[in-house]
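Good morning, everyone. Please take a moment with the sequence and the model, and then I will walk you through them.

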Amino acid sequence: MKKILFNVFALLVVMCISFTNTFAQETSEKPLTEKEQRKLDRKKAKEERKKAKELAKKQAKAEEEARYKMAFEAMKTQNFVLQANQVYDRYGNIAQVTNTINFIKMEGNSCVVQLGFEGIVGYNGVGGITLDGKISDLKVTENEHGGLQMSFNVQGSIMQAAVRINLNGADNWADATVRAQTNNTEVKFRGNVMPTNLSSIFQGNTPY
């Protein structure tokens, strides 16, 4: 009797498992309704947008770091150009400028500092002034945030200026201050630092 009851119980268990598996299979194979499909598509699209956004963010960060390392190396080897997009005075007055004619270029022990404005002739032919000379008293320091600061003097034929350049700890943006020691005027530049061979500048006339 016990054996019969056991066999009956075992058969019931097997039937229940079989029914459960069949039901689950039928449920999983059941086609989605139009509403369920739209909901699933929206969920997938949202996940794809999220992945694309994260990937773009990582790529932008990597490119930013690459530009910074390139600028850092160029400054350390004294072979770079800071092409300015903005110039402003000590009072905070800002002017948007053309970065091909507003720059600070250093090659070894030589430096060119140029200020220019389109539509004006000026002393250098590009609406401003060009200081071309030798550098002295060069100091290069790295700060705890990964930035790089460079200061030096430039002695040209008509004037001498003190230059200070600060490369930020991210990307290749830099700020520079140029102070003419002959008349104590000051101009600030803001732009991108890059190796000289990758820059695009036009140097105006230098009076001698």
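**Overall layout**

Reading along the sequence, we get the pattern α-α-β-β-β-β-β-β-β-β-β. That comes to 2 helices and 9 strands. Helices here are DSSP runs of H or I with at least four residues, strands are E runs of at least two, and both are numbered from the N terminus.

A word on the source. This is a predicted model, where local features need pLDDT of at least 70, side-chain atom pairs count only at pLDDT 80 or more, and totals for chains, interfaces and linings use all residues. Residues are numbered from 1 along each chain as its sequence is written, and side-chain values use heavy atoms, with hydrogens and water left out.

Now, burial. The protein has 208 residues, and 31% of them are buried. Buried means under 20% relative accessible area, exposed means over 50%, and partly exposed lies in between, with a 1.4 Å probe and protein chains only. The protein exposes about 14000 Å². Carbon and sulfur atoms supply 56% of that area. The areas come from the Shrake-Rupley method with a 1.4 Å probe; for residues, only the protein chains shown count as cover.

Next, contacts, meaning heavy atoms within 4.5 Å. Take those between residues at least 6 apart in sequence: 47% join residues at least 24 apart.

**Salt bridges**

How many salt bridges are there? The count comes to 6. The rule asks for a side-chain nitrogen of Lys or Arg within 4 Å of a carboxyl oxygen of Asp or Glu. I will show you three pairs.

Start with Lys61 and Glu64. Their closest N and O atoms are 3.8 Å apart. Both sit in helix H2, 3 residues apart, so about one helical turn separates them. Lys61 is partly exposed at 44% relative accessibility. Glu64 is partly exposed too, at 23%.

Second pair: Lys76 and Glu142, at 3.2 Å from N to O. This one links distant parts of the chain. Lys76 is in helix H2, Glu142 is in strand S5 (residues 129-142), and they are 66 residues apart. Lys76 is partly exposed at 40%. Glu142 has a relative accessible area of 51%, so it counts as exposed.

Third pair: Glu107 and Lys105, at 3.9 Å from N to O. Is Lys105 buried or exposed? Lys105 is buried, at 15% relative accessible area. Its partner Glu107 is partly exposed, at 40%.

**A positive patch**

Which residues form the positive surface patch? They are Lys35, Lys39, Arg42 and Lys43. Patch residues have over 30% relative accessible area and no salt bridge; like charges are joined within 9 Å, and nonpolar side chains (Val, Leu, Ile, Met, Phe, Trp, Tyr) within 5 Å. Lys and Arg count as positive, Asp and Glu as negative, and His and the chain ends are not counted. Each charge is placed at NZ of Lys, CZ of Arg, CG of Asp or CD of Glu.

Look at Lys35. It lies in helix H2, which covers residues 34-76. Its relative accessible area is 64%, so Lys35 is exposed.

**Two backbone angles**

Last topic: positive phi outside glycine. Gln78 has a phi of about 60 degrees. Gln78 is in the loop between H2 and strand S1 (79-89). Asp137 has a phi near 55 degrees. Asp137 lies in strand S5. At 55% relative accessibility, Asp137 is exposed.

Thank you.
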